[in-house]
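Hi,

Here is the structure we talked about handing over. Have a look at it first, then read on for what turned up.

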Amino acid sequence: MQIEGVKIKDTFAEAFSLYGTRLIITAINRKWVMEAARSVTGFATSIIGCGCEAGIEMELAGEDTPDGRPGVAVLIFSVSPEELEKQLVARLGQAIMTCPTTACYNGLPTEKRLEVGAKIRFFGDGWQASKLVGETRYWRIPVMDGEFVVEEGFGYCKGVGGGNFLILAESQEAGLEAATCAVEAMGQVPGVILPFPGGVVRSGSKVGSRYKFLTASTNTPYCPTLAGRVASELPPNVNCVLEIVIDGLNLEAVEEATRVGIRAACRPGVVEITAGNYGGKLGKYHIHLHKVMG
Amino acid sequence: MATLHLQLKAQPEVPLEADCLSPSALAGKTLKEIAAQPLLYGNGRAQLGDFFSLSGSLADGHLHLEGDLSRVKYIGAGMEGGLLTIDGTVGMHLGSGMAGGEIRVQGQVGDWLGAEMKGGLIWVEGKVGHLAGAGYRGEKMGMTGGTIIIKGSAGDEVGARMRRGLIVVTGDCGDFPGVEMRAGTIMVWGKGAARPGANMRRGTLVLAHRQELLPTFVYNCTYRPVFLHLIWRHLQELGLAVPEHLRQAFYERYLGDINEVGKGEILLCQSLS
């Protein structure tokens, strides 16, 4: 298969089950809501190294947020509901509650809830107060600029982590341009995040290492500087590979983001689009590139 | 929509207690059975059909009452669901102990509206008497859930001993709003009266007009409480337009009553001061 002269390899991305949740963060203006969103999603690129994967899903206008202020939807994924709750309590407490003027609400109305506000409230040292509005309980925690309002429970669902595709380009410039276009296009797809910096990974990894203390190491078959020296997967004219990793609340969203991203990445200077997998033996979900793009 | 219409045909000379008058209490009954529902008439007994003419059906859970019901008490008491609409003046204890559903009134309502209510919505287009949402004498708690919207004025002791829920009075209210309040939220958009929040332990009293507070309330700060916007949105979803000046205003926060736990709050809107 070819799109705009770019070869789409007949392979698949291997993705895994993760548990995901959506936070709605609001603040007095866009500057402060973005500060909070960037902070809470910081150092959350890979579950293996960071405990969770997180990213900004979309910005929200005041009319789309619970308190009428500018907002951001953030998705956070982890390996289990317990670990997800632990990450949420830590990240909300350290990165959102600390940020001036913010409030944080549940953005996933599922029946099962993670106790987040219910735990963070104790920071109020006995001066925290709850407010039941309709059927939803919020906690008001006194802080130095007023109050931090946080919803008591946050919904979660089984999602999909580790959807991916790789852009094989003639040059670093061409690869980066294609990846940037893909990320921008994928940003319009609801229900997904791209957890790596700017949505792009340059240090893709393979399972295992020659060193016993490492569980993963650099993706040697896709490193241009090792082509010819190791078993390489790179065509001769490829000098840069960038990967885009996708986490989503469901498989459909991840597939849609993959489709949109690959189409946007098919630009001059891109030789091939492929995907990372483990032979289909590890991940529950197989996202076949030809099927998605068909 | 199938609605059961009840028209008052004979004005009771003494109070009539009609706690059977709710969609949930009458659900599944034939018109004949409904007409035979027992009422307390003074110290005697009567049947619903003695005072009301009946027509229609309760198939969609909608009961509509018409007439001067000022001597009919306990309408909608203990109601669990459905829609009860009333055109006319209503007597005491409307919706007391109600757990669910909606009551909508076009007219005045007597004392003890929604007393010890547990859930649901009561919406009154008119003034109401004393002790709306309150707890009965000797009881520890007033309403423990639900919402009461009063588009008019209210009497004394609105939300007395209230434990949870929301009361909005768009007009003026009488003395002691939120007296001995445990939790929940009361909003008075008109002019308030004496001693708001007396002996309140927790909960929120939002007053749109400046007024003198008891000395047992301590000024904290002036700010824009974010949580109020959650309530404004909730009210708008219920169909109540919130005045823009209340949405945009700064509020002075007072904590009290320090005679009690001292964790209640009065929020005084600055814009109408």
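One definition before anything else: a residue counts as buried if 20 or more other C-beta atoms lie within 10 Å of its own, and as exposed if 12 or fewer do. Also keep in mind that this is a predicted model.

With that cut-off, start at helix α3 of chain A, residues 81-96. On one side of α3(A) you'll find A:Glu82 and A:Gln94, which are exposed. The buried set of this helix is A:Leu84, A:Glu85, A:Gln87, A:Leu88, A:Arg91, A:Leu92, A:Ala95 and A:Ile96. Those buried residues sit on the same side of α3(A), because they cover an arc of only 165 degrees around the axis. A:Glu82 and A:Gln94 are on the other side.

Helix α1 of chain A (residues 30-40) has a similar story to tell. Here A:Val33, A:Ala36, A:Ala37 and A:Val40 are buried. Their arc is only 95 degrees around the axis, so they too lie on the same side of their helix, α1(A). What do the buried residues of α1(A) pack against? Their partners are three strands of chain A, β3 (12-26), β4 (53-60) and β5 (71-78), plus helix α3.

A:Val74 is a good place to look at that packing residue by residue. Leaving out neighbours within four places in sequence, A:Val74 is in contact with A:Ala37 and A:Val40, both of them buried residues of α1(A). The rest of its contact list reads A:Leu23, A:Ile25, A:Thr41, A:Ala54, A:Ile56 and A:Glu57.

A:Val74 comes up again in the largest nonpolar core, which has 164 residues. The members that touch the most other members are A:Ile25, A:Val74, A:Val150, A:Ile167, B:Ala132 and B:Val169. Strand β3(A) gives the largest share of this core, with eight residues. Where does the core lie relative to domain 1 and domain 2 of chain A? Both domains give residues to the core, so it lies between them. As general background, nonpolar side chains tend to be buried together in soluble globular proteins.

On the domains themselves: chain A is divided into domain 1 (2-14 + 159-293) and domain 2 (19-157). Their C-alpha centres are 30 Å apart. The contact between them takes 10 residues from domain 1 and 14 residues from domain 2. On the domain 1 side, seven of the residues are nonpolar, two are polar and one is charged.

Next, one residue I'd like you to click on: A:Cys240, in strand β16 of chain A (residues 240-248). Is A:Cys240 buried or exposed? It has 22 other C-beta atoms within 10 Å, so A:Cys240 is buried. Sequence neighbours within four places aside, A:Cys240 is in contact with A:Ala169, A:Ser171, A:Gln172, A:Gly175 and A:Pro224. A:Ile167, one of the core residues named above, is 73 residues away from A:Cys240 in sequence, yet the two are 8.1 Å apart in space, C-alpha to C-alpha.

Now for where the chains meet. The contact involves 14 residues of chain A and 12 residues of chain B. On the chain A side, β8 (129-133), β9 (136-143) and β10 (146-151) each supply at least two residues. β8(A) has the largest share, four residues. By class, that side of chain A has seven nonpolar, three polar and four charged residues.

Finally, the whole-chain numbers, in case you want them for setup:

- Chain A has seven helices and 18 strands, and chain B has five helices and 17 strands.
- The C-alpha trace of chain A spans about 65 × 45 × 30 Å along its principal axes, while the C-alpha atoms of chain B fill a box of roughly 60 × 35 × 25 Å.
- For the 294 residues of chain A, a compact globule would have a radius of gyration near 19 Å; the value for chain A is 21 Å, which agrees.
- For the 273 residues of chain B, the rule also gives near 19 Å, and chain B has 19 Å, which agrees.
- Buried residues make up 47% of chain A and 50% of chain B.
- Among contacts with a separation of 6 or more, residues 24 or more positions apart account for 74% in chain A and 42% in chain B.

Cheers

How values were computed: Residues are numbered from 1 along each chain as its sequence is written. Chains are lettered from A and ligands numbered from 1 in the order in which they are written. This is a predicted model: local features need pLDDT of at least 70, side-chain atom pairs count only at pLDDT 80 or more; totals for chains, interfaces and linings use all residues. Two residues are in contact if their C-beta atoms, placed from the backbone, lie within 7 Å. The radius of gyration is taken over C-alpha atoms; the globule rule is 2.2 Å times the number of residues to the power 0.38. Domain bounds come from an automatic or database domain assignment. Ala, Val, Leu, Ile, Met, Phe, Trp, Tyr, Cys and Pro count as nonpolar, Asp, Glu, Lys and Arg as charged, and the others, Gly among them, as polar. The arc is that of the directions from the helix axis to the C-beta atoms. A nonpolar core is a set of buried Ala, Val, Leu, Ile, Met, Phe, Trp, Tyr and Cys residues joined through C-beta atoms within 7 Å.
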